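Please look over the sequence and the structure shown here before reading on. The report below concerns strands, helices and the contacts between them.

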Amino acid sequence: MGHSLFLEHHKQVLREATVIAEEMTSDFFKLTHNCWRRARYDIITREGLEQEEISAHALALVAKYQGCHRDRLLKSAFFDFYRICLQDHNILKALDSCPDLSLLPLFLYIITHELVHVVRFSQFQALFEAPEEQKREEETRVHQLTQKILTPLNSRELPRVIRYYEDNWQGGRLYAHL
Ligand SMILES: [Zn+2]
């Protein structure tokens, strides 16, 4: 029986992957500090997820919410923010069932992929609410961009993660969006 929650060593690798993914993604899109701030997001593991953010199949999903600056009543006081919801149970299951996968490249792929979604949503290059067909096209685009972003790392393990994604994607089972 595998675990269903990340342990400390998983979280350690996750933090490492997040630093690299954020840097690679912001370099690729040439994002300034301000752009990053506008793309407000959090990366959350299973312990911090709400019931409706838990997925049976996906490795991660992006949920979009609207926030409001408390001390302002103007319309500009509203802002969008995103929660990148990591599905510990499904990530651990994938690692168990596929000995080819290792944690760091898998996290790197997942975080970068979800950051690409967030950047594109926040720059209105993709619509969060879109018809199925459009979502599928966007998913393909995000997958291609993610590969491109991570290419400079020259990781020997990354191609396995990419193959895993392509073998298992099946129309959005791995990466869903709320
Ligand atoms: Zn996706």
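The text below takes up a strand pair, then two helix packings, and finally one proline.

This is a predicted model, in which local features need pLDDT of at least 70 and side-chain atom pairs count only at pLDDT 80 or more, while totals for chains, interfaces and linings use all residues. Residues are numbered from 1 along each chain as its sequence is written. Helices (H or I, at least four residues) and strands (E, at least two) are DSSP runs, numbered from the N terminus.

Strand E1 covers residues 41–44, and its side chains alternate, with Tyr41 and Ile43 buried and pointing to one face, whereas Asp42 and Ile44 point to the other face and are not buried. Here a residue is buried if 20 or more other C-beta atoms lie within 10 Å of its own, exposed if 12 or fewer, and partly exposed in between, with C-beta atoms placed from the backbone. E1 pairs with strand E3 (residues 78–86) in the parallel sense over four bridges, where pairing requires that DSSP finds at least two bridges between two strands. Isoleucine 44 has cysteine 85 of E3 as its bridge partner.

Helix H4 packs against two other helices, as tabulated here.

| Helix pair | Angle | Axis separation |
|---|---|---|
| H1 (residues 8–28) and H4 | about 45° | 8 Å |
| H4 and H5 (residues 132–150) | about 120° | 9 Å |

Axes are lines fitted to C-alpha atoms, for helices over the stretch in contact, and angles run from 0 to 180 degrees between N-to-C directions. At about 45°, H1 is therefore oblique to H4; angles under 35 degrees count as roughly parallel, over 145 as roughly antiparallel, 65 to 115 as roughly perpendicular and the rest as oblique. By class, the contact of H1 with H4 has 14 nonpolar, four polar and two charged residues, where Ala, Val, Leu, Ile, Met, Phe, Trp, Tyr, Cys and Pro count as nonpolar, Asp, Glu, Lys and Arg as charged, and the others, Gly among them, as polar.

The angle of about 120° between H4 and H5 likewise makes H4 oblique to H5. Their contact comprises seven nonpolar, four polar and no charged residues.

Proline 105 lies in H4, which spans residues 103–122. Why does proline 105 count as buried? Proline 105 counts as buried because 21 C-beta neighbours lie inside 10 Å. Leaving aside residues up to four places away in sequence, proline 105 touches Ser155, Glu157, Leu158 and Val161, a contact being two C-beta atoms, placed from the backbone, within 7 Å. Proline 105 and valine 161 are 56 residues apart along the chain, yet their C-alpha atoms are separated by 6.9 Å.
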